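Visitor: I have a chain open on my screen and would like to talk it through. Can we start with how its parts touch each other?

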Amino acid sequence: MNFEEYAKAAARTSGDDSDIVNGALGLAGEAGEVAELVKKHKYHGQELDLDSLAKEMGDVLWYLSEICNQSGLSLDAIASGNIAKLRERHPGKFDPSYHDAAVDVLAGYEWDGSRFISDDASAVY
């Protein structure tokens with residue numbers, strides 16, 4: 001599924017009284033729920049519930065799509081424009097050799113759910 005297909009499907013569930021304000025406030029609320037899950041994981045020692053995180057991120061995507069729908073913007077065009085902006089800001093990171101170098105740097109590290117830890121636990125990223 002691409003962004004345009006998603007936007008069309010998601011728009012079917014938009015209410016008759018929905019508007020850009022509803023989209024913006026809903027986006028803020030759902031982003032807060034994502035932040036709350038991550039906060040509880042980081043600072044309260046709770047296991048990061050990836051199913052809940054994925055559901056809340058889906059809600060964030062729905063409201064972002066709703067804002068696009070209400071304003072006549074294209075989610076696909078926004079995503080493409082954002083990548084173009086990132087390429088301008090960080091051209092080196094879009095060079096294929098950058099990815100290879102990043103993989104080399106993390107060789108010998110394991111992801112523990114919140115950070116990379118070296119095999120001998122002597123270093124953390």
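Guide: A contact here means heavy atoms within 4.5 Å. Among contacts in the chain between residues at least 6 apart in sequence, 51% join residues at least 24 apart. Keep in mind that this is a predicted model.

Visitor: OK. How many helices and strands does the chain have?

Guide: There are five helices and two strands. Starting at the N terminus, the order is α-α-α-α-α-β-β.

Visitor: What percentage of the residues count as buried?

Guide: The figure is 16% of the 125 residues. As for surface, the chain exposes about 9100 Å², and carbon and sulfur atoms supply 56% of that area.

Visitor: Let's pick one helix. How many residues are in α3?

Guide: Helix α3 covers residues 50-71, which is 22 residues. From first C-alpha to last, α3 reaches 31 Å, close to the 32 Å expected at 1.5 Å a residue.

Visitor: And which residues of α3 are buried?

Guide: The buried ones are Leu53, Glu56, Trp62, Tyr63, Ser65, Glu66, Ile67 and Cys68.

Visitor: What covers them?

Guide: The cover over the buried residues of α3 includes α1 (3-11), α2 (20-44) and α4 (75-89).

Visitor: What about the ends? Which residue caps the N-terminal end of α3?

Guide: That is Asp49. One of the side-chain oxygens of Asp49 lies 3.1 Å from the backbone nitrogen of Asp51. Past the other end, just after α3, Gly72 takes a positive phi of about 80 degrees.

Visitor: Change of topic: the surface. Which residues make the nonpolar patch?

Guide: Ile20, Val21 and Leu25 make a nonpolar surface patch of about 290 Å².

Visitor: Where is Ile20 found?

Guide: Ile20 is in helix α2, and Leu25 has its place in α2 as well.

Visitor: Is Leu25 buried or exposed?

Guide: Leu25 is exposed, because its relative accessible area is 61% and the cut-off for exposed is over 50%.

Visitor: Then why does Ile20 count as partly exposed?

Guide: Ile20 has 41% relative accessibility. Partly exposed covers the range between under 20%, which is buried, and over 50%, which is exposed, so Ile20 falls in the middle class.

Visitor: Back to Leu25. How far apart are the C-alpha atoms of Leu25 and Tyr63?

Guide: They are separated by 8.6 Å, although the two residues are 38 residues apart along the chain. Tyr63 is one of the buried residues of α3, while Leu25 belongs to α2.

Notes: Residues are numbered from 1 along each chain as its sequence is written. This is a predicted model: local features need pLDDT of at least 70, side-chain atom pairs count only at pLDDT 80 or more; totals for chains, interfaces and linings use all residues. Side-chain values use heavy atoms; hydrogens and water are left out. Helices (H or I, at least four residues) and strands (E, at least two) are DSSP runs, numbered from the N terminus. The expected span of a helix is 1.5 Å times one less than its number of residues. Buried means under 20% relative accessible area, exposed over 50%, partly exposed in between (1.4 Å probe, protein chains only). A polar contact is a pair of N or O atoms within 3.5 Å; within protein, one must be able to donate a hydrogen and the other to accept it, and residues adjacent in sequence count only if both atoms are side-chain atoms. Patches are made of residues with over 30% relative accessible area and no salt bridge: like charges are joined within 9 Å, nonpolar side chains (Val, Leu, Ile, Met, Phe, Trp, Tyr) within 5 Å. Accessible areas come from the Shrake-Rupley method with a 1.4 Å probe; for residues, only the protein chains shown count as cover. A salt bridge is a side-chain nitrogen of Lys or Arg within 4 Å of a carboxyl oxygen of Asp or Glu.
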